[in-house]
Structures are given as C-alpha cells and as structure tokens.
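Me: I've got a protein model open and I'd like to get a feel for it. Can we go through it piece by piece?

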Amino acid sequence: MQEYDVIVLGTGPKECILSGLMSINGKRVLHIDNHPYHGGGSTSISPIEEVYKRFKLPGPSKSMCRGKEWNVDLIPKFFLAGGELVKILVYTDVTRYLDFKVVEGSYVYKGGKLHKVPATEEDAQVSDLMGMFDKRRFRKLLLFALNFDLRNPRTHQDVDPNKTTCRDLFSRFDLGLDVMEFMGHAIALRNNNSYLDEPCGETIRMIKLYCQSQTRHSSSSPYLYPLYGLGEIAQGFARLNAEYRGTFLLNRPIDEIVMENGKVKAVKSEGKLFYCKQLICDPSYVPGRVRKAGRVIRVICLLNHPVKHTHEASSCQIIIPQTQLGRKSDIFISVVSFTHNVASAGMYIATISTNAETNNPEQEVQPAIELLEPIVQKFVSVNHQLVPNDDGRRSQIFVSHSYDATNHFESECQDIKDLYHRITGSELTFGASSRHQSHNSDED
C-alpha cells in the first residue's frame, strides 16, 4: 500500500507550483498526469507539426523551417517582474532552472491605433495619450501610488483604500476619461469597468506593482517571459519536486477518486490504489466538482513580421480596453518570437484572448486580428472557464480554476495563494530562499 500526504493530478503551472510548495513543506507528494508530457491544457507544444495536428489542420509549409525550433504555448501568460509568480520562483529557487527575457513593449489600443503605455514620469512627458494638463495629473497619481503604504496613514492623503472607490480616487486627481481608461486597464490591469465602483486599494497596489516592475529592469515593459515558453515553469517545479523526493507518474489514466465518509481516501490508476490525505487537481479530473463560469476564446497567430506600430518589438503586450470596442471585457494580445526560442528565425507568435460575449466569438476579436495581419496561420479555440463548486475543505479535494482570458499571471497567482491557504491553513509568505542545504545553485 502506497501512502502520500498529497496527490496532485495534472501538471499545469498551478498544479506544479503547488506540488513544489507542498514538497518544500515536508509533505510526501505523488504527482500524476494522464498525458505523456508536462503542462496539461496549458502545455507548450513542439514541434510545430503537432500544433497543426492538435487543431486538425493540414501541416505547415516548408517555409516554417525546422519544426523543433517551435514551442507554442496554448495559454501564454506574461508575469510582472515584481509580481507574485516571480516571488514564488525566487522563494522556491526554481529560478535555477529557468532563463528569462524581458518583454520589449507594453501597448494600449485607443482610437484605432496602438500607443505605448506610460508608467514613468519620463514616459508621461512624451506620451501621445494625454494632453499637457492630463500629463501633470497623471504624474501626481503615479507618485501617490508609488508612495502609498497601507501601514502608514500619512501616505494615504485622506484616501481610505477600503472605502474610497476608484472612481472617487480618479476624480480627486481630476483625471479625464481617457487617462482613467488606460490607467485602469493597461496599468492596473483591471479587466472591465466594474472596478471603478470598488474600493481603490487593489487598484493602487496594481499601479504601484506595474510601475515598480517596469523600473526593475530599466525597460519599456514590466513583463518577463521564460525562454522556451511556459512549459519550462512546469518542468522547473517538477525538478524541484524530485529534489524533495516527490514522485511523478506521467501518461497514467485516472480510473477513480476513492472517497470515504465524504473525504478523499485514494486515487486509483491502472487498477492500483495510491492513498492520500489531500488531493489537488485541475478541473479536467473532477468534472462533477466544477461549474461553467463563461467562455474564453484564444486565437494563436503565427506571423512572419513584428506587429505594426510596436517599434519593431520582438515581444510585447497589447491591451484593447472594453470601451474601445463597446464590449464588457478587455481583449488581450501577447506577442513572443524567435528571440524567446519559441519560433523559427524571423517568426512571431501572437495570441489573442478574451471572454466570449456572443455566439460568434471569432468575430468579437476581429479588430485584434486586423492589428496582426498579415497572418501566416490561425489556431482558434473556445473553452469554458471552469471554477470549483466549493472550497474543498470538507472533501479535502482542492480544485484550481481554469485559466482566465488575461495574458498575465497575477490572477492565477491569487488562485494559487487561495488554494495554498485552504490546503495548509496558512498564508503563503515569502521569506528567504527555501533551497535546502544539500543542493547548491550553479548561479545566483
């Protein structure tokens, strides 16, 4: 009889991160995936021929060069240089296994054109998104957010982060609607305008995080992306788990999740029982324990040119705020390229994502598609967004949310932290690196 403290089903980034954190905490962990590869539904696919097969399309032309040069992420997500994912990577020391590249640009769509997102006083001075007076007000709000400290009321300037709404905050600084739009959607990364009537504390935190992330690498963007794609995150945590004597079983079908008195007791795979006290999994393993909470459309586009009006950037993020197209939620575009070792020389991968709001989601993203043309090949998917029915405490089955439409990792990290708290009863905090004494890094 094989007993484990925790069994994890699925090797998506969230499951791999939680598996690694449990191992670091001294738990005996078994990690199972019914696929022969890491990454689950958000995997990186290589060679390029496999992407065409997955979407049931005729194979690529010879001009696509060597297929093995490609690593196509099905759900690409950038992460902020000062954000939660970077803190987790540093804390667990998985940075030993990864190489990163700064994303070159951050843009917002307004009036049919792309504009660079200003996040510093210098950016604001030359920005074509604002007039002279708006630039002054924008800089004042930036300085307010950067100096804001929850623990120091002197920095609050009579703003209550738990009561003052974002709309009232922007009004205090006399911001115009155009500035409010890109400040809220492209800097604070709020996905729709409902945030305007919510307390402003989270928005201030995100403005501060965005600006600090951008200055961290003295770049024109606050975002990072791993070389060879997001699949490297899952593999990095798999290596961490192995260091702590965790066990991985790939390509193993799950026959049954065995319950006893309403709690998980074991996982049955290929007729064999693996006993556990707690189970962590993605929604695909427990369809009866999740519900639909909307749909997400993603369009992966292969390009042989940089996106127009991005200053020839080899990578960038583009946000189309909801109001620009009369929508309820924003449209996101992430662009990576051969410089990230995810495509053949001279090729780019641009992924469009948003919440589907009609019965014709591909038509909804047509304005984003037009920004990317000409397109060598499109791969379109529409998937349900799934969320767990309960918090898992009674059954000890903890289910992650499926990935949302945003193209950054902040909301996914919140899901990781919420799951960690429910699983362990403790908040996920980041002290010194957790690297255990018997292993030394090749680089610091």
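Me: How much of the protein is buried?
Reply: Residues count as buried under 20% relative accessible area, exposed over 50% and partly exposed in between, using a 1.4 Å probe and protein chains only. Of the 444 residues here, the buried share is 56%.

Me: Hang on, what kind of model is this?
Reply: Residues are numbered from 1 along each chain as its sequence is written. The model is predicted, so local features need pLDDT of at least 70, side-chain atom pairs count only at pLDDT 80 or more, and totals for chains, interfaces and linings use all residues, while side-chain values use heavy atoms and leave out hydrogens and water.

Me: What radius of gyration does the protein have?
Reply: This is taken over C-alpha atoms, and the globule rule is 2.2 Å times the number of residues to the power 0.38. For 444 residues, a compact globule would come out near 22 Å, and the protein agrees with its 22 Å.

Me: Which strand holds His-31?
Reply: Strands are DSSP runs (E, at least two residues), numbered from the N terminus, and helices are runs of H or I with at least four. The protein has 12 helices and 19 strands. His-31 sits in the one covering residues 29-32, strand E2.

Me: Is His-31 buried or exposed?
Reply: Contact means heavy atoms within 4.5 Å. Leaving aside neighbours within four places in sequence, His-31 touches residues including Val-8, Cys-16, Asn-241 and Phe-248. Its relative accessible area is 0%, so His-31 is buried.
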